[in-house]
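Welcome, and thanks for taking a look at this one with us. Please have the sequence and the 3D view open side by side as you read.

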Amino acid sequence: MVSKENPRPGGRSARVQAAVHQAVRDMLAGMNRADVTIPLIAQRANVTPSTIYRRWGDLQELLADVAASRLQPETEPPKTGSARNDLQAWAEQYADEMSSGAGRQMIRDVLAVSDTANAEKCCIYTQQQLRVLVARADERGEAFPTLTELMDYVVSPIMYRILFDQVPSNDCVRGLISRVMPENTD
């Protein structure tokens with residue numbers, strides 16, 4: 001089951017989603033994850049358990065939906081004055097946030113469900129951030145990798161290391177950027 005998009009922004013559905021998401025975030029922050037249940041979430045959010053089951057299906061789907069919403073960036077990538085430095089600042093922050101304990105748990109939650117809708121949302125969030133960087137570079141007239149190159153040669157290796165290897169260091173991230181944006185040696 002997939003979290004349904006809110007047909008009426010600001011309506012009852014949006015209020016229920018906000019209350020349930022907040023209840024989940026509060027509970028995960030204050031209690032053992034294994035003790036979090038849909039009836040407890042429902043009680044805290046002041047909704048019935050059937051409301052949660054109808055909208056999300058099960059606890060893992062709900063956790064994936066909450067994680068995906070938490071992974072949505074709140075701001076645009078930082079402006080540093082050059083496309084390369086913008087990319088480096090963004091990629092280092094991305095690697096740091098995604099490799100934190102909370103970041104890894106959110107990634108696990110998003111990937112733990114068979115439905116790919118939340119994983120696709122996370123991919124879209126990342127692509128939106130990268131599109132901002134591509135547009136800035138274009139406005140400045142600076143050479144810059146394509147969105148596909150950034151996803152394949154910067155983001156993918158960072159995520160692979162976070163999931164299966166070690167936390168990527170800033171040196172590692174800078175190395176990935178150097179492969180798609182060799183420094184001028186003039």
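Here is a short briefing, grouped by topic.

This is a predicted model. The protein chain has nine helices and zero strands, and a domain assignment splits out two domains, 12–57 and 83–180. Two separate nonpolar cores are described below, one of 31 residues and a second of 16.

**Overall layout**
- Followed along the sequence, the pattern of the protein chain reads α-α-α-α-α-α-α-α-α.
- The C-alpha trace spans about 65 × 35 × 25 Å along its principal axes.
- Domain 1 covers residues 12–57 and domain 2 covers residues 83–180; their C-alpha centres are 30 Å apart.
- Among contacts with a sequence separation of 6 or more, 68% join residues that are 24 or more positions apart.

**Surface and charge**
- Of the 186 residues in the protein chain, 41% are buried.
- The accessible surface comes to about 10,500 Å², and carbon and sulfur atoms account for 49% of that area.
- The chain carries 21 positive and 24 negative charges, and the mean positions of these two groups lie 8 Å apart.

**The largest nonpolar core**
- In soluble globular proteins, nonpolar side chains tend to be buried together.
- In this model the largest nonpolar core holds 31 residues, and the members that touch the most others are Leu87, Trp90, Leu130, Phe144 and Ile158.
- Two or more residues of this core come from each of α4 (59–70), α5 (83–99), α6 (101–111), α7 (117–140), α8 (147–164) and α9 (170–180).
- Helix α8 gives the largest share, with eight residues.
- Leucine 130 is a good place to zoom in: leaving aside residues up to four places away in sequence, its contacts are Leu87, Trp90, Leu147, Leu150, Met151 and Val155.

**The second core**
- A separate core of 16 residues has Ile38, Ala45, Ile52 and Trp56 among its members.

**A backbone detail at asparagine 46**
- Where does asparagine 46 sit? Its place is in the loop between α2 (38–45) and α3 (49–56).
- The phi angle of asparagine 46 is near 60 degrees, which is a positive value in a residue other than glycine.
- Asparagine 46 counts as exposed because its relative accessibility is 71%, and the cut-off for exposed is over 50%.

Definitions and conventions: Residues numbered from 1 in each chain as written. Predicted model: local features only at pLDDT ≥ 70, side-chain atom pairs only at ≥ 80, totals over all residues. Heavy atoms only, no water. Helix = DSSP H or I, 4+ residues; strand = E, 2+ residues; numbered from the N terminus. Buried < 20%, exposed > 50% of the residue type's maximum accessible area, 1.4 Å probe, protein only. Contact = heavy atoms within 4.5 Å. Areas by Shrake-Rupley, 256 points an atom, 1.4 Å probe, with all protein chains shown as cover. Lys, Arg positive; Asp, Glu negative; His and termini not counted. Charge placed at Lys NZ, Arg CZ, Asp CG, Glu CD. Core = buried A, V, L, I, M, F, W, Y, C linked by side-chain atoms within 4.5 Å. Domains from an automatic or database assignment.
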